[in-house]
Amino acid sequence: MIKRFFLAFLGSMAAIWMSVLLGIFLLIAGIVAAIGSIDSTGEIKSDVKSGSVLTLDLSGEIVERKNPAKIADAIYGKLTEAQTLNDITAAIYRAAHDSRIKGIYVDCSGAMAGIASLQAIEEAIGYFKSRPDKWVMAYADTYTQGDYYTVSGANEIWLNPIGAVDIHGLSATTLFYTGLLDKMGVKMQVLRVGTFKSAVEPYILKDMSPASRMQQEVYMNSIWDSIKDRIAENRGKTPETVDRWADELVMTSPADSLLADGIVTTLGYRHQAERHVAELAGKDKYDDVNTVSVKDYVTAVDLSDYSYLPDVASSKKKDRKTIAVLYAAGEITDSGDSGITGDKMTEQILDLADNDDSDLAGLVLRVNSPGGSAFASEQIWEALEQFKERTGLPLYVSMGDVAASGGYYISCGADVIYAQPATLTGSIGIYGMIPEISGLVTDKLGVNTATVSTNSNGNFPSLLAPMTPAQKEKMQRYIERGYDLFTRRCAEGRHMSQDSIKTIAEGRVWDGATAQQIGLVDRLGSLHTAITGMAADLGLKSYQVATYPKTDSKWWEELLEMEDLAEVSGIDSETLELYRHLHQIKNAPRVQSRMETIVIK
């Protein structure tokens with residue numbers, strides 16, 4: 001009886017384990033298939049026919065660069081198809097010299113991107129239109145201000161007869177949490193260097209300081225000037241006219257008045273616009289047009305090969321010099337899996353420095369970061385110095401929407417720095433922030449605490465007690481040493497005196513155009529401009545581009561994270577967002593070189 005019981009028991013266990021193993025096998029097989037389908041979309045070579053029209057969909061989020069697909073997202077159906085700035089601009093520049101592409105048709109439906117990113121696309125569209133026998137046509141039911149600026153240089157701007165064009169200027173909003181913290185009984189102990197280092201103000205003030213308001217007014221007016229001047233130039237108007245459009249809130253005006261004012265060129269419904277695209281392409285109807293999307297076009301051509309440019313010789317791949325482009329996007333942290341992590345970034349830079357590839361001609365660091373950890377920023381700066389010393393090759397920086405504070409720290413040693421006019425940069429300053437929550441714990445929650453220490457600073461830093469005057473003084477000196485190092489790095493990299501740097505530092509944020517005037521930036525332009533600029537400076541006759549870090553998806557590592565994902569997958573989005581925010585504060589370094597968070601619209 002007992003023997004039969006154990007045989008049955010073991011048989012049941014074997015069946016269970018076989019089911020589990022089969023389930024795991026099927027799961028892995030499904031995941032491999034999913035990843036295979038994800039990756040294969042990037043390898044399918046689309047057929048670009050003669051007389052094709054490149055279609056650009058200005059809608060949704062436009063990110064700096066494509067990230068590897070996540071297994072968790074695939075399983076939970078959360079894969080997103082965000083467009084990348086790199087693909088959009090590279091495709092437009094490549095198409096400008098592709099005899100198979102007759103023109104570009106832009107469908108404007110509200111792109112979500114930073115102003116500097118839109119400037120890069122507008123710059124690329126202008127370059128395309130300048131080529132012989134190329135045309136650009138745009139259509140929208142309603143143009144957002146960003147979309148309109150991006151396509152303002154198009155040959156034809158079509159608008160739905162009952163549509164609108166939103167031109168209103170710029171505004172910036174800063175959220176202040178001091179009132180909330182007061183209600184919670186939480187005090188933020190702040191130490192900083194720099195009159196304009198306003199990243200801490202939301203935690204200690206209830207309104208902008210005069211210095212912060214002044215700096216925002218200055219850089220926002222400068223950015224708006226660059227936008228309205230470009231719109232005016234593209235539409236054959238004066239900057240004053242564009243200001244009038246903004247002040248009159250033309251988005252409330254009827255479409256025929258927008259046509260009369262030259263804001264748009266044509267009124268028509270979508271099907272009429274598409275019929276006109278067919279006419280431009282020499283076809284009877286839109287369905288007969290050989291349209292190719294940006295996504296398909298980038299899979300059909302080799303964007304790494306720059307021999308399509310008139311001043312670049314065609315050659316075999318093995319004979320071309322290589323310009324490496326290293327992306328540094330996101331907040332700077334000491335370690336982790338997202339943003340710019342000090343440990344991984346330094347390793348990547350040193351790998352490039354020790355690469356035996358004799359074809360490497362130089363490195364372009366693409367920076368899009370508000371900063372973060374001052375420690376990690378220093379490590380990345382030092383690794384870049386090692387790259388220059390070990391290789392003897394040039395280091396250029398291309399700034400995106402923001403390259404401020406720590407983002408500028410890692411940029412300042414470059415031989416040449418490029419930025420867009422709307423890039424937010426500078427913010428050369430340091431701060432530390434330690435919360436003190438005794439008011440919450442004791443006064444609000446009624447929890448008392450008692451501490452025993454062997455030394456006077458045994459419990460430092462403590463969330464449950466304010467810093468003593470001696471501790472505050474030492475921390476302030478610690479912050480000031482960090483500021484002195486930061487300004488010294490900038491002075492060395494920019495070939496300026498430290499005193500000169502300090503006059504434009506103080507944590508102040510500058511727009512790219514003004515940053516060029518004061519010496520923080522060398523040239524204005526996009527990543528494409530930086531790459532071609534380096535090639536021209538080096539006199540390269542043939543070259544290609546290699547991008548780093550590589551974006552291969554390591555799905556077998558992600559399997560280990562599935563349990564954690566399952567545990568939080570049932571949490572509502574608001575709670576999850578709060579958790580992420582608190583987790584970020586908890587793990588933030590004590591000393592930060594970071595720009596404040598503002599929303600510009």
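The paragraphs below lead through two surface patches, two cis peptide bonds and two unusual backbone angles in a predicted model.

A good place to begin is the surface, where Asp 334, Asp 343, Glu 347 and Asp 351 gather in a patch of negative charge. One of these residues, Asp 334, lies in the loop that runs between β11 (332–333) and β12 (340–341), and with a relative accessibility of 36% Asp 334 counts as partly exposed, because that class covers values between 20% and 50%. Another member of the patch, Asp 343, also takes part in a polar contact, since its backbone oxygen is reached at 2.9 Å by the side chain of Thr 346. Thr 346 is itself found in helix α13, which spans residues 342–353, and at 15% relative accessibility Thr 346 counts as buried, because buried means under 20%.

A second patch on the surface is nonpolar in character, and Leu 175, Tyr 177, Leu 180 and Met 184 together make up its area of about 360 Å². Within this group, Leu 175 has its place in the loop between β6 (172–173) and α6 (178–184), and its relative accessible area of 54% makes Leu 175 exposed.

Turning from the surface to the backbone, the reader can find a cis peptide bond leading from Phe 460 to Pro 461, where omega is near -5 degrees. Pro 461 is placed in the loop between α16 (438–444) and α17 (469–494). A cis peptide bond also joins Tyr 548 and Pro 549, with omega of about -5 degrees, and here Pro 549 belongs to the loop between β21 (543–548) and α21 (555–558).

Two further backbone positions deserve a look for their phi angles. Asp 133, a residue other than glycine, has a positive phi near 65 degrees, and Asp 133 is found in the loop that connects α4 (115–130) with β4 (135–143). Ser 427, which is not a glycine either, has a positive phi of about 55 degrees, and Ser 427 lies in the loop between β17 (424–426) and β18 (430–436).

Are these two residues buried or exposed? Asp 133 counts as exposed, with a relative accessibility of 75%, whereas Ser 427 counts as buried, with a relative accessibility of 0%. The two assignments follow because exposed means over 50% relative accessible area and buried means under 20%.

Conventions:
Residues numbered from 1 in each chain as written. Predicted model: local features only at pLDDT ≥ 70, side-chain atom pairs only at ≥ 80, totals over all residues. Heavy atoms only, no water. Patch = residues over 30% accessible without salt bridge, like charges linked within 9 Å, V, L, I, M, F, W, Y side chains within 5 Å. Areas by Shrake-Rupley, 256 points an atom, 1.4 Å probe, with all protein chains shown as cover. Salt bridge = Lys/Arg side-chain N within 4 Å of Asp/Glu carboxyl O. Lys, Arg positive; Asp, Glu negative; His and termini not counted. Charge placed at Lys NZ, Arg CZ, Asp CG, Glu CD. Helix = DSSP H or I, 4+ residues; strand = E, 2+ residues; numbered from the N terminus. Buried < 20%, exposed > 50% of the residue type's maximum accessible area, 1.4 Å probe, protein only. Polar contact = N/O pair within 3.5 Å; in protein donor to acceptor, adjacent residues only side chain to side chain.
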